[in-house]
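Here is a short set of exercises to work through with the model open beside you. Try each task before reading its solution.

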Amino acid sequence: MLVRGQRNDVLVRMDADCIRLVLPAIWYSSERSSVKEAIIKELQTVYDPEMPSINVYDLGLIYEINISNTHVDIVHTLTSMLCPAGDLISSNIKEAVERVNGVETVTVKLTHTPQFSKEMMSEDARLTLGI
């Protein structure tokens with residue numbers, strides 16, 4: 001008999017003589033790269049309202065993506081310490097990562113060290129902005 005977890009990503013196999021936990025794919029290191037790719041894909045749907053033509057990932061605002069089991073820590077910055085959309089961007093980052101299959105919890109940390117600079121942007125982002 002199989003019993004699914006609340007989010008359908010954990011299975012418990014119950015046989016006559018034992019109970020086995022079937023772990024979600026995110027728990028296996030060989031799957032982490034595909035989970036990270038899925039996270040990046042979702043982050044590429046998040047935009048700074050002041051720069052709507054470039055997503056936060058290509059803009060270079062994402063400093064770290066750390067995956068531990070079903071938890072993800074994201075460290076990001078803003079284009080300016082005084083960015084009025086900072087809370088909205090952080091919230092949108094969290095929501096985007098939570099959409100990834102197998103991710104159960106997300107912590108988003110804002111930092112200004114190192115300070116954002118145009119060198120952090122992807123080549124495509126620089127081309128879009130003509131830099």
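**Exercise 1.** Is K94 buried, partly exposed or exposed? Then find its salt-bridge partner and compare the setting of the two residues.

*Solution.* A word before we start: the model is predicted.
- Step 1: The relative accessibility of K94 is 33%. Buried means under 20% and exposed means over 50%, so K94 counts as partly exposed.
- Step 2: The partner is E98, and the closest N and O atoms of this salt bridge are 2.7 Å apart.
- Step 3: Both K94 and E98 belong to helix 3, with a spacing of 4 residues, about one turn of the helix.
- Step 4: E98 has a relative accessible area of 32%, so E98 is partly exposed.

**Exercise 2.** How many salt bridges does the structure hold? Look for one between separate elements.

*Solution.*
- Step 1: The count is 2.
- Step 2: One of them joins R99 to E42, with 2.8 Å between the closest N and O atoms.
- Step 3: E42 sits in helix 1 and R99 in the loop between helix 3 and strand 8, so this pair ties together parts that are 57 residues apart in sequence.

**Exercise 3.** In what order do the 3 strands of the open sheet lie? Work outwards from the order to the edges and the pairing.

*Solution.*
- Step 1: The order is 6-7-8, and the pairing is mixed.
- Step 2: Strand 6 (62–68) and strand 8 (105–110) each have a single partner strand, so they stand at the edges and one side of each has no neighbour in the sheet.
- Step 3: From one strand to the next, the twist averages 15°.
- Step 4: Strand 6 and strand 7 (residues 71–76) run antiparallel and are joined by 6 bridges. Within this pair, E64 is opposite V75, and N66 is opposite D73.
- Step 5: The two strands make a hairpin with 2 residues between them, and N69 in the turn has a positive phi of about 55°.

**Exercise 4.** Which residues touch the most other members of the largest nonpolar core? Trace the elements that build this core, then follow one residue.

*Solution.*
- Step 1: The core has 27 residues, and those with the most contacts to other members are I39, I65, V72, I74, I93 and V97.
- Step 2: Elements giving two or more residues to the core are helix 1 (29–43), helix 2 (56–59), strand 6, strand 7 and helix 3 (86–98).
- Step 3: Now take I39. Setting aside neighbours within four places in sequence, I39 is in contact with I65, I67, V72, I74, V97 and V100.

**Exercise 5.** Is T111 buried or exposed? Place it in the chain and list its contacts.

*Solution.*
- Step 1: T111 belongs to the loop between strand 8 and helix 4 (123–129).
- Step 2: Its relative accessibility is 16%, so T111 counts as buried.
- Step 3: Beyond neighbours within four places in sequence, T111 is in contact with Y63, V75, H76 and T77.

**Exercise 6.** What does D58 touch, not counting residues up to four places away in sequence?

*Solution.*
- Step 1: Start in helix 2, where D58 is found.
- Step 2: The residues touched by D58, with that exclusion, are Q44, M121, S122 and A125.
- Step 3: Finally, look at R126: it is 68 residues from D58 in sequence, and the C-alpha to C-alpha distance is 9.1 Å.

Definitions and conventions
Residues are numbered from 1 along each chain as its sequence is written. This is a predicted model: local features need pLDDT of at least 70, side-chain atom pairs count only at pLDDT 80 or more; totals for chains, interfaces and linings use all residues. Side-chain values use heavy atoms; hydrogens and water are left out. Two strands pair if DSSP finds at least two bridges between them. Axes are lines fitted to C-alpha atoms, for helices over the stretch in contact, and angles run from 0 to 180 degrees between N-to-C directions. A nonpolar core is a set of buried Ala, Val, Leu, Ile, Met, Phe, Trp, Tyr and Cys residues joined through side-chain atoms within 4.5 Å. Buried means under 20% relative accessible area, exposed over 50%, partly exposed in between (1.4 Å probe, protein chains only). Contact means heavy atoms within 4.5 Å. A salt bridge is a side-chain nitrogen of Lys or Arg within 4 Å of a carboxyl oxygen of Asp or Glu.
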